[in-house]
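Subject: Structure for you to look at

Hello,

Here is the structure I promised to pass on. Please open it beside this email and follow along.

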Amino acid sequence: QVQLVESGGGLVQAGGSLRLSCTASGSIASINTMGWYRQAPGKQRELVATITSGGTTNYADSVKGRFTISRDNAKNAVYLQMNSLKPEDTAVYYCNANLRRLGTMRWIDYWGQGTQVTVSS
């Protein structure tokens with residue numbers, strides 16, 4: 001069994017900052033890419049940022065220069081530092097990990113339960 005547990009969401013005023021954390025646990029052999037996605041009410045889930053096991057990052061244009069993704073491979077953790085938050089950043093943020101379980105050869109995407117981020121104007 002594999003679990004991704006997120007924390008760090010909340011309510012913040014525009015211009016403020018939040019830091020999201022996500023830790024993967026369970027029978028994990030290896031983790032490839034980890035990332036953050038978000039889904040606002042009435043909209044499709046969209047990519048926010050991803051980071052490979054080697055540290056290569058990718059960001060949505062809407063968050064470049066404001067958000068920073070990082071990871072700790074030893075802890076199977078990924079983080080998202082969000083600065084200069086805007087009301088349009090309001091969404092449920094989901095952690096994602098592409099990983100291989102112990103005793104298997106398949107790479108599968110796992111998702112966290114989501115954490116709410118609300119930015120007030």
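Below is what was found in it, topic by topic.

Please keep in mind that this is a predicted model.

**The four-stranded sheet**

Start with the sheet. Four strands form an open sheet in the order 1-3-8-7, and their pairing is antiparallel. Which strands stand at the edges? They are strand 1 and strand 7, which covers residues 67-72. Each has a single partner strand, so one side of each is left without a neighbour in the sheet. From one strand to the next, the twist averages 15 degrees.

Now take the pairs. Strand 1 (residues 2-7) and strand 3 (residues 18-26) are antiparallel, with six bridges between them. You can find one position of this pairing by looking at serine 7, which stands opposite serine 21 in strand 3. At the other edge, strand 7 runs antiparallel to strand 8 (residues 77-82), and six bridges join them. Here phenylalanine 67 has methionine 82 of strand 8 as its bridge partner. As background, strands of a sheet pair through backbone hydrogen bonds, either parallel or antiparallel.

Strand 1 is also a good place to see two faces. In a regular strand the side chains alternate between the two faces of the sheet. Strand 1 shows this alternation. Val2, Leu4 and Glu6 point to one face and are buried. Gln3, Val5 and Ser7 point to the other face and are not buried.

**The nonpolar core**

Next, look inside. The largest nonpolar core has 31 residues. Which residues have the most contacts inside this core? They are Trp36, Leu80, Met82 and Tyr93. Met82 is the residue you have just met as the bridge partner of phenylalanine 67. Several strands give two or more residues to the core, among them strand 1, strand 4, strand 8 and strand 11 (115-120). Strand 9 gives the largest share, five residues. In soluble globular proteins, nonpolar side chains tend to be buried together.

**Threonine 50**

Threonine 50 is worth a stop. You will find threonine 50 in strand 5 (residues 46-51). Is threonine 50 buried or exposed? Its relative accessible area is 13%, so threonine 50 counts as buried, being under 20%. Leaving aside neighbours within four places in sequence, the residues in contact with threonine 50 include Thr33, Tyr37, Asn58 and Ile69.

**Salt bridges**

Charged side chains come next. Side chains of opposite charge can pair when their charged atoms come close. How many salt bridges does the structure hold? There are four.

Aspartate 89 takes part in a salt bridge with arginine 38, where the closest N and O atoms are 3.0 Å apart. This pair links distant parts of the chain. Aspartate 89 lies in the loop between strand 8 and strand 9 (91-101), while arginine 38 lies in strand 4 (residues 28-39). They are 51 residues apart.

Aspartate 89 also forms a salt bridge with arginine 66, with the closest N and O atoms 2.8 Å apart. This pair too links distant parts of the chain, 23 residues apart. Arginine 66 sits in the loop between strand 6 (57-59) and strand 7.

How accessible are these residues? Aspartate 89 is buried, at a relative accessible area of 1%. Arginine 38 is buried at 6%, and arginine 66 is buried at 11%. A network of salt bridges links Arg38, Glu46, Arg66 and Asp89.

Elsewhere, aspartate 61 and lysine 64 meet through their side chains in a salt bridge of 3.1 Å, N to O. Aspartate 61 has 63% relative accessibility and counts as exposed.

**Two backbone angles to check**

Finish with two residues in loops. Asparagine 76 is not a glycine, yet has a positive phi of about 55 degrees. Asparagine 76 lies in the loop between strand 7 and strand 8. With a relative accessible area of 23%, asparagine 76 is partly exposed.

Serine 84 also has a positive phi, near 50 degrees, and is a residue other than glycine. Look for serine 84 in the loop between strand 8 and strand 9. Its relative accessibility is 41%, so serine 84 counts as partly exposed.

Best wishes

Technical notes: Residues are numbered from 1 along each chain as its sequence is written. This is a predicted model: local features need pLDDT of at least 70, side-chain atom pairs count only at pLDDT 80 or more; totals for chains, interfaces and linings use all residues. Side-chain values use heavy atoms; hydrogens and water are left out. Buried means under 20% relative accessible area, exposed over 50%, partly exposed in between (1.4 Å probe, protein chains only). Two strands pair if DSSP finds at least two bridges between them. Contact means heavy atoms within 4.5 Å. Axes are lines fitted to C-alpha atoms, for helices over the stretch in contact, and angles run from 0 to 180 degrees between N-to-C directions. A nonpolar core is a set of buried Ala, Val, Leu, Ile, Met, Phe, Trp, Tyr and Cys residues joined through side-chain atoms within 4.5 Å.
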